[in-house]
Amino acid sequence: PSPPTFLLVRNAGTGEADGVYKPAERRWLDHDVYQNRFGDCIVSREGQRSAKTGEMKYGFVLGRDGRPLYGVKTDKLQVPTAGWKTLQGHEPTPEILTFKTWSDACQHD
């Protein structure tokens with residue numbers, strides 16, 4: 001398995017989304033679920049079946065308490081740092097950076 005990734009979410013219009021995220025103790029759709037230090041916001045890989053083609057489309061969602069705040073479409077298994085869209089969160093969309101260690105992520109917070 002690849003080494004863990006830590007995410008830094010910053011400058012989101014929805015301030016609660018900001019912070020450092022680490023892999024949680026669970027996986028979803030073959031990917032780590034990330035949670036912030038309070039455990040109330042998560043980044044998870046999600047799949048949605050296209051009504052038109054029946055094909056599965058994947059992406060990542062940053063959500064809080066079951067509400068999708070921001071999302072991005074991608075077939076890749078890495079959390080993208082660009083291309084995020086505002087769903088039920090507030091503009092602007094967050095800047096998302098990835099780091100190999102918790103301390104590196106915290107230094108940029």
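User: Why is Glu-25 called exposed?

Analyst: The relative accessible area of Glu-25 is 83%. Exposed means over 50%, buried means under 20%, and partly exposed lies in between, with a 1.4 Å probe and protein chains only. Glu-25 is therefore classed as exposed. The model is predicted: local features need pLDDT of at least 70, side-chain atom pairs count only at pLDDT 80 or more, and totals for chains, interfaces and linings use all residues. Residues are numbered from 1 along each chain as its sequence is written, and side-chain values use heavy atoms, with hydrogens and water left out.

User: Where is the place of Glu-25?

Analyst: Glu-25 belongs to strand 2, residues 19-28. Strands (E, at least two residues) and helices (H or I, at least four) are DSSP runs, numbered from the N terminus.

User: How do you know that strand 2 and strand 3 are joined?

Analyst: Two strands pair if DSSP finds at least two bridges between them. Strand 2 and strand 3 are joined by five bridges and run antiparallel, so they pair. One of the partnerships is that of Lys-22 with Gln-35 in strand 3. The two strands form a hairpin with two residues between them, and Leu-29 in the turn has a positive phi of about 50 degrees.

User: What joins strand 3 to strand 4?

Analyst: Two bridges join strand 3 to strand 4 (residues 41-49), and the strands run antiparallel. The requirement is at least two bridges, so this is a pair as well. Tyr-34 has Val-43 in strand 4 as its bridge partner. Four residues stand between the strands of this hairpin, and Gly-39 in the turn has a positive phi of about 75 degrees.

User: What makes strand 3 mostly covered?

Analyst: Strand 3 spans residues 31-36, and five of its six residues are buried.

User: Why is no bond assigned to the sulfur of Cys-41?

Analyst: A disulfide is a pair of cysteine sulfur atoms within 2.5 Å. The closest cysteine sulfur to that of Cys-41 is in Cys-106, 16 Å away, which is too far for a bond. A search of the whole structure finds zero disulfides.

User: Are Cys-41 and Cys-106 buried or partly exposed?

Analyst: Cys-41 has 0% relative accessibility and therefore counts as buried. Cys-106, at 29%, counts as partly exposed.

User: What makes Arg-10 and Glu-95 a salt bridge?

Analyst: A salt bridge is a side-chain nitrogen of Lys or Arg within 4 Å of a carboxyl oxygen of Asp or Glu. The side chains of Arg-10 and Glu-95 meet at 3.1 Å, N to O, and therefore satisfy this rule. Arg-10 lies in strand 1 (residues 6-10) and Glu-95 in strand 8 (residues 95-99), so the pair ties together parts that are 85 residues apart in sequence. Arg-10 is partly exposed at 26%, and Glu-95 is partly exposed at 31%.

User: How many salt bridges does the rule give?

Analyst: The count comes to four. Among them is the pair of Asp-32 and Arg-27, at 3.0 Å, N to O.

User: How do you know that Arg-64 and Asp-40 meet in a salt bridge?

Analyst: Their N to O distance is 3.2 Å, so the pair is within the 4 Å limit. Arg-64 lies in strand 5 (residues 56-64) and Asp-40 in the loop between strand 3 and strand 4, so the pair ties together parts that are 24 residues apart in sequence. Glu-16, Asp-40 and Arg-64 are linked in a network of salt bridges.
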